[in-house]
Amino acid sequence: MKPDLDSIISLTKEHIKPSCEVSGRTFQDYPTSILMFPDEIERKEKIKFGFEMILKYGILRGEVYATSPNLEGIAVWLPPKKVHQSIWSLIRCGGFHVMRKTGLKAMKKGKPLHDYMGPAHKRLVPFDHWYLQSIAVEPEEQRKGYGGLLLKAMITKIDREGLPIYLETNTEKNVSFYQNYGFKVVEHVIVPKTEVPFWCMLRNNS
Ligand SMILES: CC(C)(COP(=O)(O)OP(=O)(O)OC[C@H]1O[C@@H](n2cnc3c(N)ncnc32)[C@H](O)[C@@H]1OP(=O)(O)O)[C@@H](O)C(=O)NCCC(=O)NCCS
């Protein structure tokens, strides 16, 4: 039997804080985290703050799932028409608070990333689609099938809707992981003004 949404749990705003902790640990050595916080100690302390906004918006406008109440893995999905966040909704989801916690220096370092990401997303996928905004599995829980479970459950639902899925990733290891689920690379660049590799991937339903 294919995994579906009954195999995972839907998260609500009570889960935001612990989910930020999981995401912070998970993305510790991720290229975009290193770009924003080259200092390891600062990274350990601050990387989690950015997820507050992602999770809040996901819960408000999209769907956020975990593998179980233990939060081994968490995925944030945004539906068609909600994939691009307005300034107003960024503020509503705690943008100022996150900026204060993250710091101006890190925001400046991350700017080339944001300058590339949004426009590339709009250019490459100018049609209705779901967006896998974030997927994170606790480091010690990886390679046990949790990431695959989160993906498969949502793919089953989205396939029924007949819609494509878009995601971005910054490691080659992840590219092959997603390829196993039918995603194809639609663009691969080094983000201008950085050394961060960037793959845009699309899973077409047809
Ligand atoms: C990418 C990520 C979400 C994948 O989650 P995961 O739970 O490790 O994924 P799975 O366990 O389902 O699959 C990962 C690999 O383990 C293998 N695997 C799955 N169950 C396994 C098991 N019981 N024993 C050994 N290997 C296993 C899978 O075949 C897969 O191999 P492949 O990538 O070579 O195909 C996770 O590694 C992660 O959070 N990484 C850090 C953050 C990140 O990069 N997020 C994605 C940003 S785009």
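Here is a chat about a predicted model of a protein.

Trainee: Okay, where do we start? How many helices and strands does the protein have?
Mentor: Its secondary structure comes to 9 helices and 7 strands. Keep in mind that this is a predicted model.

Trainee: And what box do the C-alpha atoms fill?
Mentor: Roughly 45 × 35 × 35 Å, taken along the principal axes. The radius of gyration is 16 Å, and a compact globule with 206 residues would have one near 17 Å, so the two agree.

Trainee: What share of the residues is buried?
Mentor: Buried residues make up 35% of the 206.

Trainee: Which residues have the most contacts inside the largest nonpolar core?
Mentor: Ala 75 and Leu 150, in a core of 44 residues. Several elements each supply at least two residues of this core, including helix H1 (16-26), helix H4 (49-61), S2, S3, S4 and H8.

Trainee: What does Ala 75 touch, leaving out residues up to four places away in sequence?
Mentor: Tyr 65, Leu 132, Ser 134, Ile 135, Leu 150 and Met 154. Two of those names, Leu 150 and Met 154, come back as buried residues in H8.

Trainee: Let's do H8 then. Which strands do its buried residues pack against?
Mentor: Strand S2 (63-66), strand S3 (73-78) and strand S4 (130-137). Besides the two I mentioned, the buried residues of H8 include Tyr 146, Gly 147 and Ile 155.

Trainee: How far apart are the end C-alpha atoms of H8?
Mentor: They are 23 Å apart. At 1.5 Å a residue, the 16 residues (146-161) should span 22 Å, so that agrees. After H8 comes Gly 162, with a positive phi near 75°.

Trainee: New topic, the ligand. Which residues are closest to the ligand?
Mentor: Gln 142, Gly 147, Gly 148, Thr 169 and Phe 177 are the closest of the 20 that surround the ligand. S4, H8 and helix H9 (172-179) are the elements that give two or more residues to that shell.

Trainee: How do the residues of the shell divide into nonpolar, polar and charged?
Mentor: There are 7 nonpolar, 11 polar and 2 charged.

Trainee: Last one: where is Gly 103 found?
Mentor: In the loop between helix H6 (95-102) and helix H7 (104-124).

Trainee: Why does Gly 103 count as partly exposed?
Mentor: Because 15 other C-beta atoms lie within 10 Å; buried would take 20 or more, and exposed 12 or fewer. Also, its C-alpha atom is separated by 9.0 Å from that of Lys 46, 57 residues apart along the chain.

Technical notes:
Residues numbered from 1 in each chain as written. Predicted model: local features only at pLDDT ≥ 70, side-chain atom pairs only at ≥ 80, totals over all residues. Helix = DSSP H or I, 4+ residues; strand = E, 2+ residues; numbered from the N terminus. Expected span 1.5 Å × (residues − 1). Contact = placed C-beta atoms within 7 Å. Core = buried A, V, L, I, M, F, W, Y, C linked by C-beta atoms within 7 Å. Rg over C-alpha atoms; globule rule 2.2 N^0.38 Å. Near = placed C-beta within 6 Å. Nonpolar A, V, L, I, M, F, W, Y, C, P; charged D, E, K, R; others polar.
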